[in-house]
Amino acid sequence: MRSPSINNKQFVKSMRKKLSEKINKKLFLIVLFALFLRAYFYVGPNLNDDIDYIFSANQVANGDFYPIYGHSINALRSMMTLPIALFFKLFGPGEITSSLYPLLCSLLTVIVCFFLGKVLINEKVGLYSALIISFFPLDIAYSTQLVPTTPLTLFLSLSLLSFLEAEKKSKKLFYFLSGLFIGIGYLANELFFVGFIFLISYIILHKKIKSNYIFIFFGALSIFFIEATFLYITTGNPLHRINVIHETERMIGTNTALDYYPRVVFKLLNINFEAHEGNLGIFFYLFLISSLYALSKKNKKMLFLTLWVLLTFLYLEFGIMTTEFKPIAKWVRYLIIFGPSFSILTAFAISNIKKVNVQYFVLILIFLLSLPYAYGAVQTYRDWTSVFKEEYIFLKGLENKTIYTDQGSLGFLMVYFNFKKDIRNLEFRSIEEIKDAYVIVDGSVGAVYYPPMRERIPQFVRNPPENWKLLKILDTKYIKPKIYYVE
């Protein structure tokens, strides 16, 4: 006869298993919900450095690995170039396949967010965290654009999860994995080092340093040395990428306005989405309220996330990016890295509301309040490339011929046509070269309004000859491209 204690243990084990299955089903539904939102609010390749990543990845997919050791700061980010190239190799190059990598990273971050909330507090906080980040407007808007901050957010989240597991189990392997993910983040974006601010924040709040923390640095350095070895073999300079990053950042003109981030995170009314306002919706306010709640509860597990956000935000606002102390560039997409922390802190505060029905009400309210900001941000990014989409839609219905267009629209058209059309740039062409072809005049905003770009286009294109047959004038939001047929 079995003892009651054994039966009780089996019962508890059975209940835990059933609860775990329910939790997994709920997480699965949340991920499906996140996928639905990202598909509904699809943006695709945009006016960041998306086309550069796509062209580099296409080269790699075709067997030319030069981009990952060349002189383009974007192509050298191997955890952008190589995964996109893999999707191209599997499914062919194009607009949709270009977006699969950032979309996958965004969805995986939702899952990791669940485990972070679960490890830090409990399963309910994990579920709420996953749900909240699933409708974070900034993440939705950039989940299908090719910006390295989206995969970086995933790698930093995995680094934090590994670190928390290491603290829980006191295993060197998890500390090493934590550093390894920071190193992989370095291969995606130069902001990788904010992962170490997690460690600094943790040490400050817990007032202790363990000797095992050295394995975090070993993990990060292992990735750095692998890349350095590869670059030494291919270029003769193990610091080639660092040199390219530094020289590029010295030359480029960037947004360094100190009022940029405050305006972006705080402004909720009279939104100018063109200036990136409203991309975070109400999430920064949720972060502040939830952080104050965590402070009132003296919850170090949550305050550690608050401190990380504040320290990282201070760097993004006042930091430098070159040895000449050039202020760091300021872009709303960098703030994607705060999505998991915002979500976990908010989930923690909501989970402590006594009535479950009120918890659900608050979650639904946050979702509904987030939708207008997600829509506004996404629609603005869509508008920026709508002219190229209109050109593509019209041209794909015509007979297959060579297409000439300016540099601003050329890359997008090549991507939309899956690199299967003969599309050539107009810059510095002679009139004799253009025969039996379609010509797009004023095909991009730059070609219309930016003098250096416009001046590179031949005079005969800016004032087309009478024998050019006008096929269509497209009426888009910013410009009116004209499409001609030249015999």
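These legends accompany several views of a predicted model.

**View 1. The whole chain, with its 20 helices and 5 strands.** Let's start with the overall picture. Measured out along its principal axes, the C-alpha trace spans about 95 × 55 × 55 Å. The radius of gyration is 25 Å, which agrees with the value near 23 Å for a compact globule of 487 residues. Residues 24 or more positions apart supply 72% of the contacts with a separation of 6 or more.

**View 2. The surface and charges of the chain, which exposes about 22700 Å².** Carbon and sulfur atoms make up 64% of that exposed area. Turning to the charges, there are 51 positive and 34 negative side chains, and the centres of these two sets lie 19 Å apart. Of the 487 residues, 54% count as buried.

**View 3. The largest nonpolar core, with 134 residues.** Look here for L280, L305, V332, L335, F338 and F342, the members that touch the most other members of the core. Helix α16, covering residues 356–395, contributes 13 residues, the largest share of this core.

**View 4. V332 and its contacts within the fold.** Once neighbours within four places in sequence are set aside, V332 is in contact with L138, Y142, Y260, V264, H276, N279, L280 and Y381. Both V332 and its contact L280 are also among the core residues that touch the most other members.

**View 5. A second, separate core of 13 residues.** Among the members to find in this view are A447, V461, W468 and Y484.

**View 6. N58 in helix α2.** This helix runs over residues 50–61. With a relative accessible area of 13%, N58 falls under the 20% limit and is therefore buried. Beyond the neighbours within four places in sequence, N58 is in contact with F88, P93 and F419.

**View 7. Y101 in helix α4.** The helix that holds Y101 covers residues 95–120. Y101 has a relative accessibility of 5%, so this tyrosine counts as buried. Leaving out neighbours within four places in sequence, the contacts of Y101 are M79, M80, P83, I84, F87, P151 and F155. For a sense of distance, try locating S201 as well: Y101 and S201 are 100 residues apart along the chain, and their C-alpha atoms are separated by 30 Å.

Technical notes
Residues numbered from 1 in each chain as written. Predicted model: local features only at pLDDT ≥ 70, side-chain atom pairs only at ≥ 80, totals over all residues. Heavy atoms only, no water. Helix = DSSP H or I, 4+ residues; strand = E, 2+ residues; numbered from the N terminus. Rg over C-alpha atoms; globule rule 2.2 N^0.38 Å. Buried < 20%, exposed > 50% of the residue type's maximum accessible area, 1.4 Å probe, protein only. Contact = heavy atoms within 4.5 Å. Areas by Shrake-Rupley, 256 points an atom, 1.4 Å probe, with all protein chains shown as cover. Lys, Arg positive; Asp, Glu negative; His and termini not counted. Charge placed at Lys NZ, Arg CZ, Asp CG, Glu CD. Core = buried A, V, L, I, M, F, W, Y, C linked by side-chain atoms within 4.5 Å.
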